[in-house]
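I opened my notebook to look up one chain and write down what I found. The entries follow the order in which I looked.

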Amino acid sequence: DSPLKAVQMLWVNLIMDTLASLALATEPPTEALLLRKPYGRNKPLISRTMMKNILGHAFYQLVVVFTLLFAGKNTEALQSFLNVVQRC
């Protein structure tokens, strides 16, 4: 049984798409952007800088997740937080 019903999923999708479209529509395009030539068909969609950022963030997230997964239970700060959560 799904935690979200079909109508709830549609509402979530509507809200998320609305926020994304508002984010894209808030700034008008600059004149320089409108006048530049289009990129060629053989140009990659993801530039070298974008790929470095994507891989860097992925590595960082993996380090944080695995640290919490394997060493998290051994830290006192996490233990005290879990104790407070369990009392609630």
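**Entry 1: Asn74**

I looked up Asn74 first and found a relative accessibility of 67%, so Asn74 counts as exposed, the cut-off being over 50%. I note here that the model is a predicted one. Next I asked where Asn74 lies. I found Asn74 in the loop between α3, residues 48-71, and α4, residues 76-87. I also checked Asn74 against Val7, which is 67 residues away along the chain. Their C-alpha atoms are separated by 42 Å.

**Entry 2: His57**

I then turned to His57, which has its place in helix α3. Is His57 buried or exposed? I read a relative accessibility of 52% for His57, and therefore wrote it down as exposed. From His57 I went to Trp11, 46 residues apart from it along the chain. I found 30 Å between the C-alpha atoms of His57 and Trp11.

**Entry 3: a nonpolar patch**

Trp11 and Val7 came up again when I looked at the surface, as both belong to a nonpolar patch there. The other members I listed are Leu4, Met9, Val12, Leu14, Ile15, Met16, Leu19 and Leu22. Together the patch residues have about 990 Å² of accessible area. I placed Leu22 in helix α1, which covers residues 6-25.

**Entry 4: the whole chain**

How many helices and strands does the protein chain have? I counted four helices and zero strands. Along the sequence I wrote the pattern as α-α-α-α. The radius of gyration is 22 Å, well over the 12 Å that the globule rule gives for 88 residues, so I noted the chain as more spread out than a compact globule. Along the principal axes, the C-alpha atoms fill a box of roughly 60 × 40 × 25 Å.

**Entry 5: surface and charges**

I looked up burial for the chain and found that buried residues make up 1% of the 88 residues. The chain exposes about 8,900 Å², and carbon and sulfur atoms supply 68% of that area. Last, I looked up the charges: 9 are positive and 5 are negative. I noted that the mean positions of the two groups are 13 Å apart.

Technical notes
Residues are numbered from 1 along each chain as its sequence is written. This is a predicted model: local features need pLDDT of at least 70, side-chain atom pairs count only at pLDDT 80 or more; totals for chains, interfaces and linings use all residues. Side-chain values use heavy atoms; hydrogens and water are left out. Helices (H or I, at least four residues) and strands (E, at least two) are DSSP runs, numbered from the N terminus. The radius of gyration is taken over C-alpha atoms; the globule rule is 2.2 Å times the number of residues to the power 0.38. Buried means under 20% relative accessible area, exposed over 50%, partly exposed in between (1.4 Å probe, protein chains only). Accessible areas come from the Shrake-Rupley method with a 1.4 Å probe; for residues, only the protein chains shown count as cover. Lys and Arg count as positive and Asp and Glu as negative; His and the chain ends are not counted. The place of a charge is taken as NZ of Lys, CZ of Arg, CG of Asp or CD of Glu. Patches are made of residues with over 30% relative accessible area and no salt bridge: like charges are joined within 9 Å, nonpolar side chains (Val, Leu, Ile, Met, Phe, Trp, Tyr) within 5 Å. A salt bridge is a side-chain nitrogen of Lys or Arg within 4 Å of a carboxyl oxygen of Asp or Glu.
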